Amino acid sequence: MEKRIDVGVLGATGMVGQQFIRLLENHPWFRLTWLGASDRSAGKRYKEATNWRLDGEMPAGVADLVVRECKPDAETPPIVFSATDASVATEIEQAFANAGHWVISNSRNHRMDLDVPLLVAEINAEHLRVLPTQQRLRGWTGGIVTNPNCSTIGLVMGLAPLRQFGIRKVVVATMQAVSGAGYPGVPSMDILGNVVPYIGGEEEKMQTETQKILGNFDADRIAPMAANVSAHCNRVPAIDGHTVVASVELETKPGVEGLKKAMAEFSGRPQELKLPFAPKQPLVVTDAPDRPQTRRDALAGNGMTVTVGRVRECTVFDYKFTALVHNTIRGAAGAAILNAELLLEEGYVQR
Ligand code: NAP
């Protein structure tokens with residue numbers, strides 16, 4: 001007998017939507033039954049509506065599902081993952097939450113709302129405690145939980161183990177892959193053999209999202225981390241995998257070896273609960289002088305592990321390091337699936 005929970009994907013035809021489809025195939029807890037996209041795709045079978053861009057074949061189980069408009073209907077499952085275009089995500093996600101569904105979103109629209117968790121399952125699971133406030137304030141029986149921007153997550157995974165040493169200041173620069181811009185994204189004439197030192201809105205997102213994620217849950221609100229974060233964001237001709245290089249100033253100085261130990265030992269609720277999408281090690285620390293590299297390391301832990309390398313002293317701040325995150329897996333669809341698993345296991349969503 002089928003014991004899995006039905007789930008849906010909003011924005012199922014896009015770059016992140018396709019990762020959801022791929023990652024949900026054979027998921028032990030979730031069964032994908034419902035797909036939504038724009039009115040350009042609605043009414044078509046998934047295989048007709050979608051230009052499949054990922055390696056391997058489109059999973060057979062979804063090929064003939066009919067894509068719907070992104071409106072809740074009688075068949076919408078209790079959990080929907082959202083990968084809709086940010087220009088429409090606000091109203092769409094609210095409509096689903098209002099209709100009693102749990103929206104696990106990748107879009108930026110609700111990330112900074114005070115009553116919405118910006119969840120990285122290993123780092124701030126306690127921020128889920130704001131959900132009753134969200135439901136009360138908005139009169140919802142469902143809710144919205146977001147995951148961060150794809151480059152923010154690489155940074156916060158590197159910083160989370162350092163909270164115990166008191167983070168004072170962070171300066172970070174990114175080298176972000178083209179798949180982070182969706183499809184067709186950055187024109188090839190703009191990015192081949194080139195680096196573009198601007199990604200609209202990205203630096204502000206990295207700064208404020210990092211402070212919220214690393215903040216504390218206090219009474220009924222999330223108090224952002226006080227430390228200043230300054231980001232430089234760049235688009236580079238890599239396909240998948242965002243690289244972040246960061247310098248940090250800390251209150252106490254654990255030394256390079258102490259820092260590496262804290263990073264290598266870092267884990268959280270997903271590992272305790274042995275959630276299906278939890279990587280054994282959320283952070284892997286490499287001593288190789290020329291790693292992490294996008295092509296070699298982005299798929300560590302099936303794309304759910306962040307690889308940190310080049311941990312060393314900084315002559316301006318205290319320490320610096322490089323972190324690599326797979327932007328459409330740990331930075332988007334995989335992170336959202338892990339968040340949904342945590343919501344279920346922690347009892348926020350009934351099975
Ligand atoms: P994308 O490839 O451009 O896909 C956008 C999706 O939104 C498509 O399924 C599209 O459907 C749908 N859509 C567009 N207009 C719509 C409308 N009016 N109503 C309903 N659906 C509509 O973008 P993406 O890269 O997958 O990103 C999706 C979201 O995730 C964005 O909010 C993005 O910021 C966020 N995100 C992306 C990444 C990344 O690495 N790419 C990482 C983290 C977060 P049609 O095919 O029918 O047009």
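This is a short chat about a predicted model of a protein with a ligand.

Colleague: Hi! Let's start with the ligand. How many residues surround the ligand, and which are the closest?

Modeller: Happy to help. The shell around the ligand holds 29 residues. Thr13, Val16, Ser38, Arg40 and Ser41 are the closest of them.

Colleague: Nice. What is the make-up of that shell in nonpolar, polar and charged residues?

Modeller: The shell divides into 14 polar, 12 nonpolar and 3 charged residues.

Colleague: And which helices each supply at least two residues of the shell?

Modeller: Those are α1, covering 15–24, α4, covering 86–98, and α12, covering 329–345. Of the contributors, α4 gives the most, with 3 residues.

Colleague: Let's get down to atoms. What does the side chain of Ser38 do with the ligand?

Modeller: An N or O atom in the Ser38 side chain sits 2.6 Å from a ligand oxygen.

Colleague: OK, and which backbone atoms should I look at?

Modeller: Try Gly11, where a polar backbone atom is 3.1 Å from an oxygen atom of the ligand. Then look at Ser179, which has a backbone N or O atom 3.0 Å from a ligand nitrogen.

Colleague: Useful. How much of the ligand does the protein bury?

Modeller: The protein buries 82% of the 900 Å² that the ligand exposes when taken alone.

Colleague: Back to α12 for a second. How do α6 and α12 cross?

Modeller: Helix α6 spans residues 150–159, and its axis comes within 8 Å of the α12 axis. The crossing angle is roughly 90°, so α6 and α12 are roughly perpendicular to each other.

Colleague: Which residues meet there?

Modeller: From α6 you have Cys150, Ile153 and Met157, and they meet Arg330, Gly331 and Ala335 of α12. By class, that contact has 4 nonpolar residues, 1 polar and 1 charged.

Colleague: Changing topic: I'm checking the backbone before I set anything up. Where are the cis peptide bonds you'd point me to?

Modeller: One joins Tyr183 and Pro184, with omega about 5°. Another runs from Arg291 to Pro292, with omega near 5°.

Colleague: And where do those two prolines sit?

Modeller: Pro184 is in the loop that links β7 (167–175) to α7 (188–191). Pro292 belongs to the loop between β12 (283–285) and α11 (294–297).

Colleague: Last one from me. What is phi of Ala219, and where does Ala219 lie?

Modeller: Phi of Ala219 is near 60°, a positive value, and the residue is not a glycine. You'll find Ala219 in the loop between β8 (216–218) and β9 (221–223).

Colleague: Great, thanks!

How values were computed:
Residues are numbered from 1 along each chain as its sequence is written. This is a predicted model: local features need pLDDT of at least 70, side-chain atom pairs count only at pLDDT 80 or more; totals for chains, interfaces and linings use all residues. Side-chain values use heavy atoms; hydrogens and water are left out. A residue is near a molecule or strand if one of its heavy atoms lies within 4 Å of it. A polar contact is a pair of N or O atoms within 3.5 Å; within protein, one must be able to donate a hydrogen and the other to accept it, and residues adjacent in sequence count only if both atoms are side-chain atoms. Accessible areas come from the Shrake-Rupley method with a 1.4 Å probe; for residues, only the protein chains shown count as cover. Helices (H or I, at least four residues) and strands (E, at least two) are DSSP runs, numbered from the N terminus. Ala, Val, Leu, Ile, Met, Phe, Trp, Tyr, Cys and Pro count as nonpolar, Asp, Glu, Lys and Arg as charged, and the others, Gly among them, as polar. Axes are lines fitted to C-alpha atoms, for helices over the stretch in contact, and angles run from 0 to 180 degrees between N-to-C directions. Angles under 35 degrees count as roughly parallel, over 145 as roughly antiparallel, 65 to 115 as roughly perpendicular and the rest as oblique. Contact means heavy atoms within 4.5 Å.
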